[in-house]
Amino acid sequence: MKRCAIALVLVFLALGVTACRQFLPDNQYLRQRTGSVSQSTREARRAFRHDKHDAVFAEQHLTCIDCHHFDLKIDAKEALGRALSAHAMHPSSVACHTCHLAGEGKITAAPERCLSCHENMRPLLPEDHQVAWLQVHPSMARSNPARCENCHQQTYCIDCHERRDTVQTRMHDRNFRFTHSIEASADPSRCGSCHRPDYCTNCHQQGRLKGAP
Amino acid sequence: MVAAQDVNGSFAVLGQVREGDQSNRTEAPVNLYGKLGVDRFLHGSEIDSYFRLERDVAGHDDATELYAASARGTVSGVEAKLGRQFISEVPGGAFVADAGRLRFSPGSWPVALSVFGGQPRFYEPTYGSEKVSQDEQIVGASMRTTAFRDGTFSVGFLQHQRDQRTLRQLLSLTGNQVLAHVVGTPSLYGTASLDAKTQNFDFANLGAQVFLRQARLSANFETTYYKPQDQGERLTADPARREDPIFELFSLSQMLRFRGGLRQALSATISAYADYSYQRYERQDASFVNGHLGDVGVTWLPGGDGLERVRVEYYSLEGSLGHVDGGRFLYDNFVYERIVLRTKVDIAAYSKRSNRSATAVGTRVGLGYELAPGLLAEISLEGNRNARFADDLRVGFYVSYDFRYRKGAPLEHGDAMQQVLPGGQPS
């Protein structure tokens, strides 16, 4: 009964806080992270430095019209025309990705990492990261590790895979202490990804854990 | 001359006061994490470093230190990466692992070649009664296609040794392909690994991911075959000779697994998901075990901006040692200026084959404040009730600082909140 009461209080607390958000100011630190894909592309475009690329462009015999499409006929005298012209003149993401991503046009020296240009990766979160990604990611990382390295540094892996015995629960809930044997018997292939048998025997064989079989 | 263009770092200290889970004494573990990286260093090279220090300030002996660092650089189409890890948990128990990788990826070639070798990473030092030797080496090579935009295929070889004995020699074929012109743009992936030493298929899997835009439905299905050893009918006495020592505590045979996941956006702010996996393996006593793991839940993002998350989930597990039925409730709020609120309730009712049945309750509330851009401080309270403790109360703290400096740009902050944003953790 007491547990139900706690759960109900938390549910009502959540609903109450949710209702109140309409009357409070926006969070300036978080606003920037709720962007769109086009916003992330615009940021990447702003990060582009012509002076850093001039030598490579000359070496690859790339001219202005390879990226900027001058062939569009727009009357730039009008305000709308100027805006359209500016927009049309901006190279699309294809112009950057041709050299920076794997493919026929890839230039070896061009960094492949998305973070080289894109500051805000949240809108670019791949579609396949949305479903059961925790279970899927070992297979995908094994099949194409270079894809992971486009966005993640190895410390991203370490953050989860090497956190042990911490006071925060990132992988297993606190109740896992009582149910882990059942989960291990349901799928014993998962434990070995991170743990070695000493992790089991330290508690189960040395009598350190009261009640452990 | 140092030509660093991008320096990023993250430091966190977290601690807790609690009654000892095993010692019946008051414990006060404190963890200190840090990572520091330099990108676009000389000739575009990168350096990453990471450390984790754990101490019990209440005066017990437990202490862990882990340091890891790697450097990566590219010259004339050859990328070289070297890394070292140092881990220590007891005096005299330090373990150092070194590894390296070379990758040839000339733009004119349709393939990339990699060779690698060294000692595999260890996450836990072995100081227990059943020791698995850490005298391990791996060496291998792989060739991966780079010419196809929608797919990657690779062939690889890995030799794994422990205690001067070859554990496995894996020949692997791996691939993934996106069918860009098919409805749902399915992504297919698969791996097959043959252990040449024992003529045994060690691992194989085949999976597909689909996203049906109109139905707003994402789906993932995968089948896996796993057989880490082929050593007859008896458990190998020396754990150092077992490929997957924990798996072999349960099975000497192969395991088959089918797993599926669905996620549907019911509206702009509400999505439902379900995951299920079925495992079947033969136990050491020649009987078969059917294992089931599943969960189903609903995620609600009030406002639709991801700054607030409510999640309700039911989960169920069943294995040879019992079954669990449980529920989770999560509420995270990042809406208010500089304030982070996180709550979590987990209730698990379990019944074990050993005739132990109980209900474990774990609750947690965290309240944080961003003292300055990038600097987040949080206090957490935990209240748990389980078979070990009638009342288990824990008080903790968490302070983190994240920064990024780019040459020619001002110091940037903000990743502190990013780390705890609900979207930051994939489902």
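**Two chains, one helical and one stranded, in a predicted model**

Of the 213 residues in chain A, 19% count as buried. The model is a predicted one, and its overall scores are an ipTM of 0.85 and a pTM of 0.80. Chain A has 12 helices and 0 strands, so reading its elements from the N terminus just gives α-α-α-α-α-α-α-α-α-α-α-α. Among the contacts in chain A between residues at least 6 apart in sequence, 48% join residues at least 24 apart.

Chain B is built of other stuff: 2 helices and 23 strands. Here 32% of the 427 residues come out as buried. Taking the contacts in chain B with a separation of 6 or more, 44% are between residues 24 or more positions apart.

Next comes confidence. Chain A averages a pLDDT of 71, with 56% of its residues scoring at least 70. Within chain A, helix α2 (residues 28-31) sits at the bottom with a mean of 50, while α11(A) tops the list at 92. The pLDDT drops below 50 over residues 29-33 of chain A, a stretch that has 14 contacts in the model beyond near neighbours in sequence. For chain B the mean pLDDT is 84, and 89% of the residues reach 70 or more. Among the elements of chain B, strand β17 (residues 288-300) has the highest mean, 94, and helix α2 (residues 415-420) the lowest, 43. Residues 414-427 of chain B stay under 50 throughout, and the model has 42 contacts beyond four places in sequence for them. Where pLDDT is low, the predicted coordinates are not something to read in detail.

Back to helix α11 (residues 176-186) of chain A: 8 of its 11 residues are buried, so this helix is largely enclosed by the rest of the structure. The buried residues are F178(A), T179(A), S181(A), I182(A), E183(A), A184(A), S185(A) and A186(A). One of them, I182(A), also turns up in the largest nonpolar core, which has 17 residues; I182(A), L317(B), V324(B), A348(B) and Y350(B) are the members touching the most others. Two or more residues of this core come from each of α11 of chain A and, in chain B, β18 (308-319), β19 (322-333), β20 (339-352) and β21 (357-372). Leaving aside residues up to four places away in sequence, I182(A) touches L317(B), G319(B), L321(B), G322(B), H323(B), V324(B), Y350(B) and K352(B). A second, separate core has 7 residues, including C191(A), C200(A), I246(B) and L249(B). In soluble globular proteins, nonpolar side chains do tend to be buried together.

Some strand detail in chain B rounds things off. Strand β6 (residues 78-88) of chain B runs antiparallel to strand β7 (residues 95-104) of chain B, and 10 bridges join the pair. In this pairing, L82(B) stands opposite G100(B) of β7(B). On to the next pairing, β7(B) is joined by 6 bridges to strand β8 (residues 111-118) of chain B, again antiparallel. There F104(B) has L113(B) in β8(B) as its bridge partner. Elsewhere, L14(B) lies in strand β1 (residues 6-19) of chain B. L14(B) counts as buried because it has 20 C-beta neighbours inside 10 Å. From L14(B) to G37(B) the C-alpha to C-alpha distance is 21 Å, with their positions 23 residues apart in sequence.

How values were computed. Residues numbered from 1 in each chain as written. Chains lettered and ligands numbered in written order. Predicted model: local features only at pLDDT ≥ 70, side-chain atom pairs only at ≥ 80, totals over all residues. pLDDT = per-residue confidence, 0-100. Helix = DSSP H or I, 4+ residues; strand = E, 2+ residues; numbered from the N terminus. Contact = placed C-beta atoms within 7 Å. Buried ≥ 20, exposed ≤ 12 C-beta atoms within 10 Å, placed from the backbone. Core = buried A, V, L, I, M, F, W, Y, C linked by C-beta atoms within 7 Å. Pairing = 2+ DSSP bridges.
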